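Student: I have a model open on my screen and would like to learn how to read it. Could you walk me through it?

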Amino acid sequence: LNRRPSMSVDTFLASACIYDEMYQLEGQSPEENDIEATVQVIYGIGWTPHESQPKPKERGSASKKIGEVVVDKSSDNIVR
């Protein structure tokens with residue numbers, strides 16, 4: 001997946017400013033920066049097999065051990 005591992009600080013600051021404009025606390029002056037919020041985050045993932053999906057090979061059919069071929073993620077080089 002090509003997604004960022006986390007949200008940037010700029011995104012949180014922009015969200016806080018918009019939320020504060022829309023939902024100011026009662027009795028709060030515009031100069032005050034307090035916001036009150038409840039957040040619920042729900043993650044979900046789904047998958048179902050398809051007939052075109054490759055089937056796993058027989059256990060023990062590998063020609064090399066995983067330790068013999070390791071990919072260095074920082075440079076995409078294969079270390080042998």
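Tutor: Happily! Let's begin with confidence: pLDDT is the predictor's confidence in each residue, on a scale from 0 to 100. It matters here since this is a predicted model.

Student: Which parts of the chain have the lowest and the highest confidence?

Tutor: Confidence is lowest in strand E2 (residues 77-79), with a mean of 58, and highest in H1, with a mean of 84. Over the chain, pLDDT averages 78, and 81% of the residues score at least 70.

Student: What does the secondary structure of the chain come to?

Tutor: You will find one helix and two strands. Along the sequence they follow the pattern α-β-β.

Student: How do I read the helix? What distance does H1 reach from its first C-alpha to its last?

Tutor: The general idea is to compare the span with an expected one, taken as 1.5 Å times one less than the number of residues. H1 has 14 residues and reaches 20 Å, close to the expected 20 Å.

Student: Does burial have a cut-off too, and how many residues of H1 are buried?

Tutor: A residue is buried under 20% relative accessible area, exposed over 50%, and partly exposed in between. In H1, one of the 14 residues is buried, so the helix lies largely in the open. Of the 80 residues of the chain, 2% count as buried.

Student: Let me try single residues. Is Ile 18 buried or exposed?

Tutor: Ile 18, which is found in helix H1, has a relative accessible area of 52%, so it is exposed because that value is over 50%. Ala 16 lies in H1 as well, but at 27% Ala 16 is partly exposed. The C-alpha of Ala 16 is separated by 9.9 Å from that of Glu 36, 20 residues apart along the chain.

Student: And the surface? Which residues make the nonpolar patch?

Tutor: Ile 18 comes back here: together with Met 22 and Tyr 23 it makes a nonpolar surface patch of about 350 Å². The chain exposes about 8700 Å², and carbon and sulfur atoms supply 55% of that area.

Student: Now a residue outside the helix. Where is His 50?

Tutor: His 50 sits in the loop between H1 and strand E1 (70-72). With a relative accessible area of 44%, His 50 is partly exposed.

Student: What does the side chain of His 50 make a polar contact with?

Tutor: The partner is the side chain of Ser 52, at 2.8 Å.

Methods. Residues are numbered from 1 along each chain as its sequence is written. Side-chain values use heavy atoms; hydrogens and water are left out. Helices (H or I, at least four residues) and strands (E, at least two) are DSSP runs, numbered from the N terminus. Buried means under 20% relative accessible area, exposed over 50%, partly exposed in between (1.4 Å probe, protein chains only). Accessible areas come from the Shrake-Rupley method with a 1.4 Å probe; for residues, only the protein chains shown count as cover. Patches are made of residues with over 30% relative accessible area and no salt bridge: like charges are joined within 9 Å, nonpolar side chains (Val, Leu, Ile, Met, Phe, Trp, Tyr) within 5 Å. A salt bridge is a side-chain nitrogen of Lys or Arg within 4 Å of a carboxyl oxygen of Asp or Glu. A polar contact is a pair of N or O atoms within 3.5 Å; within protein, one must be able to donate a hydrogen and the other to accept it, and residues adjacent in sequence count only if both atoms are side-chain atoms.
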